[in-house]
Amino acid sequence: MAAPRKTPLTLLTGLSTTLREPVLDAMVDATTVAVVVDQDELPGRGVLTWRVFDASGPIDAGEFSVGDDCGACQLIESLLPLLETLIAREHWQHVVLAAPPAMEARPLASTLVATMPEIEVDTVTCVVDAVLLVEQLSGDELLDERGLALGPPDRRNVAELTARQIEYADVCVLANAHRSMAPERLHNLLLHLNPRTTVVAADAGGVPGAPVAKLGLFDYAAAEAWAGDLAAEDRLQPSGDGVTTVLWRSTRPLHPARLNDALEDIVDGVVRSRGVVWLANRPTQRLRWESAGFSASLGTLGEWADTEHLAECTVVATGVGLDPARLQAVLDACLLTESELATLDWQSLDDPFAGVL
């Protein structure tokens, strides 16, 4: 007996709903149904609005309530019945799901892969603004400050969201490319952040210059591996046009106070960095390192004893106009010195990260 046919789904993300519209229009043909979720009403009324349409016009519309908990979680929970209903009608051969601006593709795709066997995530497409891309990746503005947070618990910043949307995308549509002074640099930056992605420039009307849906590009294992926390040589791309990615490694632990004092210097000129680090006062713990724009964070990943790796520090950092030697020197200065390694009671060191780890 043949397996049931899966309906391909293209997932569309991006911070600007205005730039998303012409890309969305290019995706919708006679065989496609689109589900578009917006968050304009979220700050005032606490709801996400949705609309469904195909090439013939509007089909349905409604709203999802969002409480004080995880807005992304509530969105996913509310979307699944709607998608199931559309698939069950067997009227369309392709679904486009346009996520709200502050939604990352990863949790949506992971849920669809795990819970909806009737759907095959086919392509993840992200729309980025060529005029604002470097600014969005470089600042520390919170989504909440722009009225874009998915609920009160959402403390992400714009740079973090932008980087994560790019890192999970099979296709990045470079909108407003005609208004950029350095489109090749932006193309290069996108590939440094995600070598898996295909960059497609849009024309002056915002229409992509090549297909951006139904491409069969999504590979869940590859997407998850790239979005993960480990850093390695395969994240390095050739430097060019001012864009550089640096791999920093050390088999010595970091001094927690010196690391805390150097955070601003570490992220200076870096748009994105990720890795795994070892703090001297937490000798058994593997810690996730992540930065986006001017914000950096640490999180727990487990114990070194549970891995095949000896304790070490490994960080990959990407920047525009980044000085690799300066960054290496700043990070090296945060390590325990040879004399500290020999004489210091590591676990007695003050812990400036006690409140977050």
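**A sheet, its helices and two unusual loop residues**

G275 stands opposite W289 in β11. Let us start from this pair and work outwards. The model is a predicted one, in which local features need pLDDT of at least 70 and side-chain atom pairs count only at pLDDT 80 or more, while totals for chains, interfaces and linings use all residues. Residues are numbered from 1 along each chain as its sequence is written, and side-chain values use heavy atoms, with hydrogens and water left out.

Strand β10 (residues 272–277) pairs with β11 (residues 285–292) in the antiparallel sense, over six bridges. Here strands (E, at least two residues) and helices (H or I, at least four) are DSSP runs numbered from the N terminus, and two strands pair if DSSP finds at least two bridges between them. In the wider picture, five strands make an open, antiparallel sheet in the order β9-β13-β10-β11-β12. Because β9 (243–250) and β12 (295–303) each have a single partner strand, these edge strands are left with one side lacking a neighbour in the sheet. On average, neighbouring strands of this sheet are turned by 15° against each other, direction ignored; axes are lines fitted to C-alpha atoms, for helices over the stretch in contact, and angles run from 0 to 180 degrees between N-to-C directions.

Now for the helices. Helix α6 (residues 158–167) packs on the sheet and touches β10 and β11, its direction making about 85° with that of β10; contact means heavy atoms within 4.5 Å. Helix α11 (residues 324–332) lies across β9 and β13 (313–320), running at about 25° to β9.

Helix α8 (residues 220–227) deserves a visit of its own. Its buried residues (under 20% relative accessible area; exposed is over 50%, partly exposed in between, with a 1.4 Å probe and protein chains only) are A223, E224, W226 and A227. Seen down the axis of α8, they fall within an arc of 165°, so they line one face of the helix; the arc is that of the directions from the helix axis to the C-beta atoms. These buried residues pack against α4 (105–115), α6, α7 (183–193) and β10. The face turned away from the buried side of α8 carries the exposed residues A221 and A225.

Finally, look at two loops. Most residues other than glycine have a negative phi. E90, in the loop between α3 (71–88) and β5 (94–98), has a positive phi near 55° and is exposed at 71% relative accessibility. K214, in the loop between β8 (198–201) and α8, has a positive phi of about 50° and is partly exposed, with a relative accessible area of 38%.
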